[in-house]
Structure formats: structure tokens, C-alpha cells
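Hi,

Here is the structure I promised to pass on. Have a look at it first, and then read my notes below.

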Amino acid sequence: MGCALIGSDGQSKESADAALLAIPGVSDASVNTRSIRSGFQVETTTTVKISLQTGFEVPRPDVLVNYLLAAAWSTETKEANSTIVVIVSGHPQISVLDALDAGEWTRKSGNPQFAERASVSADEVKGRFGDWPGEVPEMPNGLIVGPTPEPTP
Amino acid sequence: MPADDTAPPAPTIVDAYLDGIEETAAAGVAAAYHLQDAQADAVHDVQDAQAAAASDLQDAQSTAVHDVQDTQAVAGHDVQDAQTAATVGVLGSLARAAGSTSRAVTSGGAAVAVTFSDVEAMTTSIQSLNLLVAPMIGTVAALAVDPDLLESLVLSPLTGANAEAAALRAATRLTTQLVVTESLALVTASVVSTYQLADSALQASAAALGGGVSVGGSVVGGAVTVAGTSIHGAGDVVGAAASGAWDVAGAAVTGVRGFAGAAASGAGSVVGVAVAGAENVAGAAGSGVGGVAAAQADLAVTMVTAAGVAAGLAGALSASIKMGFLQETAETWAGALMAAADECQENPSGVFWTAGIPLAVGVGQSIFENFSLSDVSANAVSNIGGLVDATGPYFDDILGMLIHDAQTLGMANDGEAELGISGLSAEALEERAGEAAEASWIEIAGTEGSFEQDLSGRVIPRDVSSLLASAKQIDATGGQDFAEIRIFESVTMVEDAQHKLVEQHAYTVQIPSTLVWNPYAGAVPNDLTADLLAVHGDQTALMNAVFDAMEEYGIPTGPNAPPVMTTGFSLGGITAAAMAADPRGYNIEQVVTAGSSISGIAIPDDVRVTALEADEDLVPVAAGGRNPESWTTVGGPGSLLAGESDSTIIYPGNVHDANRYAVMAAEHAEINTDPQIARFFSGEVTATDYYATRK
């Protein structure tokens, strides 16, 4: 299951933040870009971050992470030339690195001790979603479900 | 407070310089394509000529051609020897002249007068000598395309190709020498103009103040009395020796004039801006009135000298890039010819056909396969290093002048730094650390995985490669908000003399690189100001902050203190080396640097130094000189990051990168796992960060 694209090129940070916050079960969301000088070059990273309300679950982490990457790539802050970082925090906690694995992303990095986060090469994201800013993705149905009812004693 | 992540950085002088460099590089690349087209045409022409000549020469002229060839070879050697001797003579004269000028200038408090006419006479004499040398280069270069020699290739490919290669190499060597000497002459001339300009401004100001006032006693009837504070002028005379070269190469190398002109255009624009700016300031100062005039004149002198240095740096860069192209072109031609000759020797059955293809086509093909823009970068960097070397012991004067002038204008005031809080939440710090570690892994390893990290996401090094990933991480975490200083403590259990297990400690102190290029010193102590002062050999606020962190951490000092390794990338490495030269009681036993200019730092002989310096990197050659033989210096071409291919061009702009050096370290197992370095990573390793900002 991939993520469909709405067809418009790019969106503002405010629009991207609002779209992510509109996902049922998401309590906090943001897309931010940060640049640093590395030697004589400027490296730019985009971070897409969401927090899930307790009890909400992600049935297909790879679909969620693909959607987040597409949303980050469509956000018109500044084109990332280093990595796109995905952070998903919640209870239960998914492994973003495993989700990237399932999504067949190859140039990635993440430490199992920090399951909530992992990064993908901006080159690979560009290869999959096209030139920056990418098209605004359509939110797939059933990205996040819940809340799971508390077990009755 | 952290900088606004999304706000575009304000343009700076450095950005302008970098733009100039990028323009130069782009022009150079475009010119390379033009050059390649020209080479392709030339190859076709040579091929046609050879085919025509072959049918004519098959009749009988082999003996005569051999005679011509022998005569040319002898003549070529004679010309080359004569040229070399003449050029050495020029360089010697120049060095003596420059040396005596500078010795005179720097001879304590004694005031020595050097008139404009003296310097102009020296300049004229140097240029006269160069006028003799320049045509000789053309003569040698012409040998390579001499019709008789080309004909001889048909009959004796091996000898002919060797002669061609020798002629090309000789021409390149001589051209390089000519550029250096001509640079010195041009710069000397420009400095005279600079002083004349400044002199006029000072005199105008003095007149405005009442006519009887001599400004600092420094203007004496058209001569400049060089003493005291005017010593920075001496830096100009010799130091700007690196300047002016951009004008020269085009004239010296007529065959690629179009290319040279294109390559010069980028830096030329920077020079033009700098010089125009200086003239405007000087002119404005000259027209000043009243008590303000003297201050204006002082500013004018400052601006003129600063602009001179800026022009010099830009000019040297441009000339060196052009020379890099020329050297690579000549080397590629020579290499192709030698390879063809070897082929002919191994397969003598074909006279001017080798491996089934015409000799000329084979040579041309080899050129296009072997011409490397990365090698051009490496040549250019080597040339810049050579130009800086040519300034000899006066480099410090030049840099000192630059710092003095910058401080006069309110820039480069280092002040003091203090340790404190980062201003970021723990979560934000961890996010930055994680982001950097993951990006580095992707660039260095290229496979799925991650570095060993502690609970806060800090990279725990286990070899030099991961140590440099940590260097990148502290740069990325601190950014333009603070200088992040990291201390690793390694604890291993060893048996003592009584066979009891005891803890053995070793410390690694990691220092950040330059993250702020604004010439005005701000909150972050790892900036351009620290660069200038550190290369000049001065103590910096950054270095003092690192010592403060070591003290706060509690690293023991004194006799029998545990070993300490200082390390860093770029400015971090320079600071690491400077600390080893002034250890303040700490037992610094090892220094590891990457992309750092440290050759001039007086590190004690008992300190091991390992320095990674890619051929294309400008920073390690910034101070000139060569690392002592006793150090371990790892050179060679800059390494490719994961995801890059052989077609990736390595140049000064992208080679100066901690991750690229991490790959370089990984490619040198003897460095990456050097036991003397690895002992700092053994056992349990913990990391602690300190955050420094200027007061």
C-alpha cells in the first residue's frame, strides 16, 4: 500500500503541520528544516515528527512512514540535501527503522535503541518522490487506529 | 538562544568570497569542456597530418628524420637547462630582494626607509627577467607540436613520444615558476600603488589638520618609513606575493588563453570589487577635513591593505586553479604519449597503429579517459600551498596584519568564552545528536545500521572513523548556537604490579570546527576569528574554554597523569595541536586532526600526531609548510562518500568535510585501528559535553 498524491506541488509548513495534526490520534506534529555549515558546504535536513495519543496504534507503520516522508518532501521550507528524519513517538512505540525496511528504503540509518526515529538519504527520497517540493500526499485511510479500550478487570 | 532554523543566513564577506570561488570553479569546468573540444580538434588534426605524412615519408626520409629528432632532443635539453637556470636565478634574486626588504622591515625598532622608487626598480628588474623567460616557455612548448617531431612519431613512436612528453612537462614546470616570480613582481608593484594611495590620503589628512602635523611621523617626502606599527606593510610586500598571479597565467600560456581568461573571471570579479572599494574609501579619506581626516586616513590605509590581501587571496586561488588545469592537461598528454610509446614498444609490428587503432586516436582517447577534474583540484591546492610557502617566515606578518586590520574595523575580537548551558532542551539536544549520527552513518557506511551511541545519542568512537563522525556530530549539535566540546573517558581494568585489577583511564578531548564565518566575533567561539588567531599561533577563547572543560571534568594533571588525546576537524584540529604545544600540565600524548593546518605548530617530539590531509583540501595548506617527518600524515585524494561515484568531482568546496575524512580513515586500516589511538577507545567509554559561548 503506497501513498497517493493529491497533485499539487508543495505546501507551506503551516499546511503540512495542520495536515499531520488532522490525522486521528496525533497529538502533536511538525515539519522543520535545519541547516548547518559543514566545512564549506551547507547541509540541510528536514525533520517530520508526530506524537501519538496513548492507546492509538499504527496498523501499517511502513504506510505511515511513507506518508510522513512524502509530506516532509512536499513542505516548502528549504530543500533537504542531507537526510529526512522521521520521528514517531507513542505508546505502543513503533520502530521507524523497521517501517523503513518494510517500505524498502535502502539508504537509511537508525539505532534500535531509539526506535522512535530513523533517517533516510534525501537523494533516495528525491528519487522516489521527484524534484522538491514534491506533490502533497493524500492521507491514506486507517493510518492510525484506536484508541484501544482499556482491558477490563 | 538558538538561531532561527528557517531564516536565511545574512550574506557575509565570506559568502562573497565563496561565491567567487564557486564562480571560478564553474568557469573552470566550462573552460575544461572548451579545452577538451580544442584537444579533440587537435587530435584529429594530428591524425590527419600523420596520415598524410606517412604516405610521403614511407618513401625514404627516415634517416633524415632521425637526424632531426636527435638534434631536437639535444636542443630541447639545452634550452630546458638554460631556462631552468635562468628561472632559478630569477627566483634567487627575488628571494634575496624580498628577504632583505623584509629583514630590514622587521629589524626591531630601527626605522628603515624604503622608497617607492626602490621597490619599483626591483619590480621592473624582476619583470625584465621574466620577459626573457616567457618566450623560452613557448619555445619548449612548441617542440611538442613541431611538425618534424610529429613526423618522427610516425617512424619512431617510442622516442618521439618520450620527446613530446618531456617537452610538455618542461613547459609546465617553467610556466609554474614564471607564475610565481611574476606574481611577486606584480604584487610588489600593486603594493607600491597601495602605499602611494595611502600616502596621498595621509598627506591630505595632515594638511587638513594644519599642515605642520606629521601623521605618526610615517610620511617623509615620498618615502615610507617602515617601523613600529607600519610593520604590517612588510607583510603586504612579501605576503601579497601570493597575489596578482591571476593576471599572469593567461599571458604565460598562450595555447589556452581562452580557458585561462574564463577561469580568471570568477576571482577577477572579487578582486575588482575589493580594489574598487579600497580606492573609494581611500579617496573619501583623502578628501576629508578637520580632525576627522586623520581617522579617515587611518581607515583608508586599513581598508587598502585589507583589500590588498583579499585581492591576493582571490588572485592566488584563481591562478592556482588555472595552473592546476594546465598541469593536469600537460600530465595527461604526457601520460597518454608515454602509454602509446609503451604500447608501440610491446607491439612493434604496427608503426603508427596500436591495438588496432591509430596512434593519435589512442592518445586522444587516453587523454579524455585520464583527464581528471579532481586531479586539477589537487594540483591547484598544491600550487596554493606552494605560493603560501613562498611567503616563508613572513606568513605570520601577513596574517598578523590581517588580524590587526580586522580588529581596527571591529572584527576578529576574540574576547573570552565561558562554559554554560546550551539553551536547548535535552530532547532538542538528543534530536540534533541523533540526526547527525544517522546522517553520518548514511554518508560514511552506506549500509543499514548505526554507530554505537550512548543514551543521549552521542556517538561512542571505537576507531578514528567513528571519532570523526563524533566530530561531525558536535558540529551539527552546536551549530551556530554554541561550541560543543566533548570529553570521552575510557576505563579499562588492568593488572598492576601486585596482580590486582585496577582502573586505567584515558581521555579524549574533541573540539568543534568553524561553524560561523562572520568576521565579526559573535557568541560562538568556534568562528572565523578563532581560525585566524589559531593559525597565527595565538591563544583563542575556544582553546581556553576547552581547557576549562577539561578542568571542570576533572582530568588529572601533573606527573604520571593519565594520557590525553586531543582531536578535531579543521579548526578543532588546529586547536587540538595548539593545546599539545601548550598542554598546561595535562599529559597530552596523542593528537588526531583532519583537514587542519598544523604544520607550523611546535608540538613536542614526544607527542604522536596523526593528520589526515586530502590532496584537494585547501585548509591544511593554509599556513604553508610541511608536517614534520616524525608525524603520521595521511594524504591522497579525497574519499568518496557512500552514494557517490567515480564521476564525482572532488574539489576544495566538498572535500573539507569531517564525514569524508571519516571515510578516508576507514580506508587506512593502519590509522583507523592504530593501537596507540585505539587505546583511548578501549573498555567502557563515556561521553560528556560542554557548551561554550563568548562572554
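Among contacts in chain B between residues at least 6 apart in sequence, what percentage join residues at least 24 apart? The answer is 77%. For chain A, 72% of the contacts with a separation of 6 or more are between residues 24 or more positions apart. Before going on, please keep in mind that this is a predicted model.

**How far the predictor trusts it**

The complex comes with an ipTM of 0.93 and a pTM of 0.63. Chain B has a mean pLDDT of 69, with 43% of its residues at 70 or more. At the start of that chain, residues 1–5 have a pLDDT below 50, and this stretch has 10 contacts in the model beyond near neighbours in sequence. Another stretch to treat with care is 349–356 of chain B, where pLDDT stays under 50. The model has 17 contacts for those residues beyond four places in sequence.

**Chain A**

Chain A has 153 residues, and 46% of them are buried. You will find 4 helices and 7 strands in it, and along the sequence they follow the pattern β-α-β-β-α-β-α-β-β-α-β.

Helix α2 of chain A is a good place to begin. It covers residues 61–73 and spans 18 Å from its first C-alpha to its last, close to the 18 Å expected for its 13 residues at 1.5 Å a residue. Because 12 of those 13 residues are buried, α2(A) is largely enclosed by the rest of the structure. Among the buried ones are P61(A), N66(A), Y67(A) and W73(A).

Strand β6 of chain A (residues 117–121) is next. With 5 of its 5 residues buried, the strand is therefore largely enclosed by the rest of the structure. In a regular strand, side chains alternate between the two faces of the sheet. In β6(A), R117(A), S119(A) and S121(A) point one way, while A118(A) and V120(A) point the other way.

What does β6(A) pair with? Strand β4 (residues 83–89) of chain A runs antiparallel to β6(A), and 5 bridges join them; T83(A) has S121(A) as its bridge partner. Strand β5 (residues 108–109) of chain A is also antiparallel to β6(A), joined by 2 bridges, and here K108(A) is partnered with V120(A).

One residue of this strand deserves its own look: R117(A), in β6 of chain A. R117(A) is buried, with 24 other C-beta atoms within 10 Å. Its C-alpha is 7.0 Å from that of L97(A), although the two are 20 residues apart along the chain. Leaving aside residues up to four places away in sequence, R117(A) touches V85(A), V86(A), I87(A), V96(A) and G110(A), as well as G434(B) from chain B.

**Where the chains meet**

That last contact leads to the interface, where 25 residues of chain B are in contact with 26 residues of chain A. On the chain B side, α13 (426–444), α14 (464–478) and α18 (652–655) each supply at least two residues. The largest share, 6 residues, comes from α13(B). By type, the residues on the side of chain B that touches chain A are 6 nonpolar, 13 polar and 6 charged.

**Chain B**

Chain B has 695 residues, of which 52% count as buried, and its secondary structure comes to 21 helices and 13 strands.

The feature to look for is an open sheet of 8 strands with mixed pairing, in the order β6-β13-β7-β8-β9-β10-β11-β12. Its edge strands, β6 (417–420) and β12 (632–634) of chain B, each pair on one side only. On average, neighbouring strands of the sheet are turned by 20 degrees against each other, ignoring direction. Near one end of that order, β11(B) (residues 608–612) runs parallel to β12(B), with 3 bridges between them; T610(B) has T632(B) as its bridge partner.

Two helices go with this sheet. α14(B) packs on it, touching β7, β8, β9 and β10 of chain B, and its direction makes about 145 degrees with that of β7(B). α19(B) lies across β9, β10, β11 and β12 of chain B, at about 115 degrees to β11(B). Since 8 of the 10 residues of α19(B) (residues 658–667) are buried, this helix is largely enclosed by the rest of the structure. Its buried residues include R660(B), Y661(B) and M664(B).

Best wishes

Definitions and conventions:
Residues numbered from 1 in each chain as written. Chains lettered and ligands numbered in written order. Predicted model: local features only at pLDDT ≥ 70, side-chain atom pairs only at ≥ 80, totals over all residues. Buried ≥ 20, exposed ≤ 12 C-beta atoms within 10 Å, placed from the backbone. Contact = placed C-beta atoms within 7 Å. Nonpolar A, V, L, I, M, F, W, Y, C, P; charged D, E, K, R; others polar. pLDDT = per-residue confidence, 0-100. Expected span 1.5 Å × (residues − 1). Pairing = 2+ DSSP bridges. Axes fitted to C-alpha atoms, helices over the stretch in contact; angles between N-to-C directions.
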